[in-house]
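Biologist: Could we go through this structure together, one topic at a time?
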Amino acid sequence: MKKKKTLRIILFVIFAALLAVFLYTAYGRVGRNDKNSVIKGLREYSSDSNVIIVYFTGGENMPLDKVDAVSSASVFEENGEMTGNVGIAARKLQEITHGDLYSLQTKGMYSANYTYSTYQAMFEQILRHRPVLTDNIPDLSKYDTIILAYPQWWMKAPLAIESFVSQNDLSGKTIMPLSVHFSSGLGGSVEQISKLTDANITNGLAISESSVKSDSVYETLEKWLNQNNITTYTGGETK
Ligand SMILES: Cc1cc2nc3c(=O)[nH]c(=O)nc-3n(C[C@H](O)[C@H](O)[C@H](O)COP(=O)(O)O)c2cc1C
């Protein structure tokens, strides 16, 4: 009898914990505020570019005044703007493609506590809860190619990527997926994206977070871009 009661209590505690995490994931987001000095809106390289780099990074989607030590290890300042590993890669891509740049940002931000943010991301995946994006998505009609850059989150792309791909008509365009990861490469992200669009999806590129800031990453990016017929501009040379 006592055993049954204990089991019931344990089950109740597990259920309550799951419910709390679910409610926090779905409704407990911190609203975006102007304290976050992050890139806002489209950053054009030139008015005639037909390539756009669309990216999502943790570093632009959490309240930056509250980040804990673990999260802050992958938040960086780049020319007065805060960003994360993917943001660094995206800026390098803009530099060498002369494309335009756009940062996907969610209306409700992820927790600045690393552990909570991993739970939020996990529950989003389990519940298929696509986050709402800020409503300044640029006009995509002039672009032929979208370089879509994101971190690995639980072996997939964050669901903000699903929000972007599923809410925009990308047919006739080419999507080049780029994943920044700790160890799991592209994970299941390319299949995940392919299911949501009839755009042409190229081979993806995975770069490890430890290489994002290195100069050697330029060569890796360039090779991938050139293989997919994207012109690159480095050191005054055009390829
Ligand atoms: C919620 C969450 C889940 C993650 N899951 C994975 C994973 O499954 N595989 C992996 O290699 N890295 C994983 N990582 C590590 C990130 O992919 C890596 O730190 C990446 O550089 C983060 O990019 P960002 O700084 O632009 O957000 C995860 C990080 C977070 C926050």
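Modeller: The ligand shell, a helix pair and a hairpin are discussed below.
Modeller: This is a predicted model, in which local features need pLDDT of at least 70, side-chain atom pairs count only at pLDDT 80 or more, and totals for chains, interfaces and linings use all residues. Residues are numbered from 1 along each chain as its sequence is written.
Biologist: How many residues surround the ligand?
Modeller: There are 21, and the closest are Gly 58, Gly 84, Val 86, Pro 151 and Glu 209; a residue is near if its C-beta atom, placed from the backbone, lies within 6 Å.
Biologist: Which element gives the most to that shell?
Modeller: H4 does, with three residues. Helices (H or I, at least four residues) and strands (E, at least two) are DSSP runs, numbered from the N terminus.
Biologist: Next, the helices. At what angle do the axes of H3 and H7 cross?
Modeller: The axes of H3 (residues 85-97) and H7 (residues 217-227) cross at roughly 60° and come within 11 Å. Axes are lines fitted to C-alpha atoms, for helices over the stretch in contact, and angles run from 0 to 180 degrees between N-to-C directions.
Biologist: Which residues of H3 make the contact?
Modeller: Lys 92, Leu 93, Ile 96 and Thr 97 do so, where contact requires C-beta atoms, placed from the backbone, within 7 Å.
Biologist: And the hairpin: how do E3 and E4 pair?
Modeller: E3 (residues 75-78) and E4 (residues 81-84) are antiparallel over four bridges; pairing requires at least two bridges found by DSSP. Glu 77 stands opposite Met 82 in E4.
Biologist: Which residue takes a positive phi there?
Modeller: Asn 79 does, near 50°, in a hairpin with two residues between the strands.

Technical notes. Contact = placed C-beta atoms within 7 Å.
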